[in-house]
Amino acid sequence: MMDKETLIELAKEARELSYSPYSKFAVGAALECEDGSVYLGANVENASYPLSMCAERNAIYNALMDGKSKDDFVALAVIGDTEDPISPCGACRQVLSELFPEEAPIYLANLDGKISITDIRSLLPFAFAGGDL
């Protein structure tokens, strides 16, 4: 497993690919897999705001489209230009609760080098899950 600083740096590079002409709020994500592969994501906005997609979900979906699964994921880094370490939105938390391992670390960072380490259980306790259907 790569160190958190390297994964955060990759997320920072992904952030440069953000398409955020409306909010000007660029976010990057990097998802590390057990085999050492890394999948990047950046937020992509749309003039019809609900059609936008967050960096975290883009990284997860990118990996899934390449044949990876939840069992392959070992760590996620997310970075944005925020005062404190960035925090995923509710939609991303819900997706991560289903598609990201409960025990895997999630590194939240900002451009000033502040880092918070958490996991999906802490970010979304009492998540709505498939078993609730």
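In the predicted model, the side chain of S18 forms a polar contact of 3.0 Å with the side chain of S20. A second polar contact, at 2.7 Å, joins the side chain of S18 to the side chain of N43. S18 is placed in the loop that runs between α1 (4-15) and β1 (27-33). With a relative accessible area of 17%, S18 is buried, because the limit for a buried residue is under 20%. When residues up to four places away in sequence are not counted, the residues touched by S18 are A26, V27, A42 and N43. N43 thus appears both among these touching residues and as a partner in a side-chain polar contact with S18.

The loop between α1 and β1 also holds Y22, a member of an aromatic pair. A search of the whole structure returns 2 aromatic pairs. In one of them, the ring centres of Y22 and Y49 are 6.1 Å apart and the ring planes meet at 70 degrees, so the arrangement is edge-to-face. Y49 is located in the loop between β2 (38-42) and α2 (55-65), so the pair ties together parts that are 27 residues apart in sequence. Y22 counts as partly exposed, at 40% relative accessibility, whereas Y49 is exposed, with a relative accessible area of 55%.

Another pair is formed by F73 and F100, whose ring centres are 6.5 Å apart and whose planes stand at 20 degrees, so this pair is stacked. F73 belongs to strand β3 (residues 73-80), and F100 to the loop between α3 (90-99) and β4 (106-110); the parts tied together by this pair are 27 residues apart in sequence. F73 and F100 are both buried.

The loop between α3 and β4 is also the place of E103. E103 is exposed, with a relative accessible area of 60%, whereas F100 is buried. Between the C-alpha atoms of E103 and K68, which are 35 residues apart along the chain, the separation is 18 Å.

As regards the cysteines, the structure contains 0 disulfides. C33 takes part in no disulfide, and the nearest cysteine sulfur, which belongs to C92, is 17 Å away. C33 is buried, with a relative accessible area of 1%. C89 is likewise in no disulfide, although the sulfur of C54, the nearest cysteine sulfur, is 3.8 Å away. A disulfide is assigned only to cysteine sulfur atoms within 2.5 Å, so the distance of 3.8 Å between the sulfur atoms of C89 and C54 does not qualify. C89 counts as partly exposed, with a relative accessibility of 31%.

Two of the helices were examined for their buried residues. In α2, the buried residues are A55, E56, R57, A59, I60 and A63. The elements against which the buried residues of α2 pack are β1, β2, β3 and α3. An α-helix has 3.6 residues a turn, so residues three or four places apart point the same way. After α2 comes G67, which has a positive phi near 95 degrees. In α3, burial is found for C92, R93, V95, L96 and S97. C92 of this group carries the cysteine sulfur nearest to that of C33. The buried residues of α3 pack against α2, β3, β4 and α4 (120-123). Packing between α2 and α3 is therefore recorded from the buried residues of α2 and from those of α3, where packing rests on heavy atoms within 4.5 Å.

Over its whole length, the protein chain comprises 4 helices and 5 strands, arranged along the sequence in the pattern α-β-β-α-β-α-β-β-α. The radius of gyration of the protein chain is 14 Å, close to the 14 Å given by the globule rule for 133 residues, so the chain is as compact as a globular protein of that length. The C-alpha trace spans about 40 × 35 × 30 Å along its principal axes. Of the 133 residues, 41% count as buried. Among contacts with a separation of 6 or more, 62% are accounted for by residues 24 or more positions apart. The accessible surface of the protein chain amounts to about 7100 Å², and carbon and sulfur atoms contribute 53% of this surface.

Conventions
Residues numbered from 1 in each chain as written. Predicted model: local features only at pLDDT ≥ 70, side-chain atom pairs only at ≥ 80, totals over all residues. Heavy atoms only, no water. Helix = DSSP H or I, 4+ residues; strand = E, 2+ residues; numbered from the N terminus. Buried < 20%, exposed > 50% of the residue type's maximum accessible area, 1.4 Å probe, protein only. Polar contact = N/O pair within 3.5 Å; in protein donor to acceptor, adjacent residues only side chain to side chain. Phe/Tyr/Trp six-rings, centres within 6.5 Å; stacked < 30°, edge-to-face > 60°. Rg over C-alpha atoms; globule rule 2.2 N^0.38 Å. Areas by Shrake-Rupley, 256 points an atom, 1.4 Å probe, with all protein chains shown as cover.
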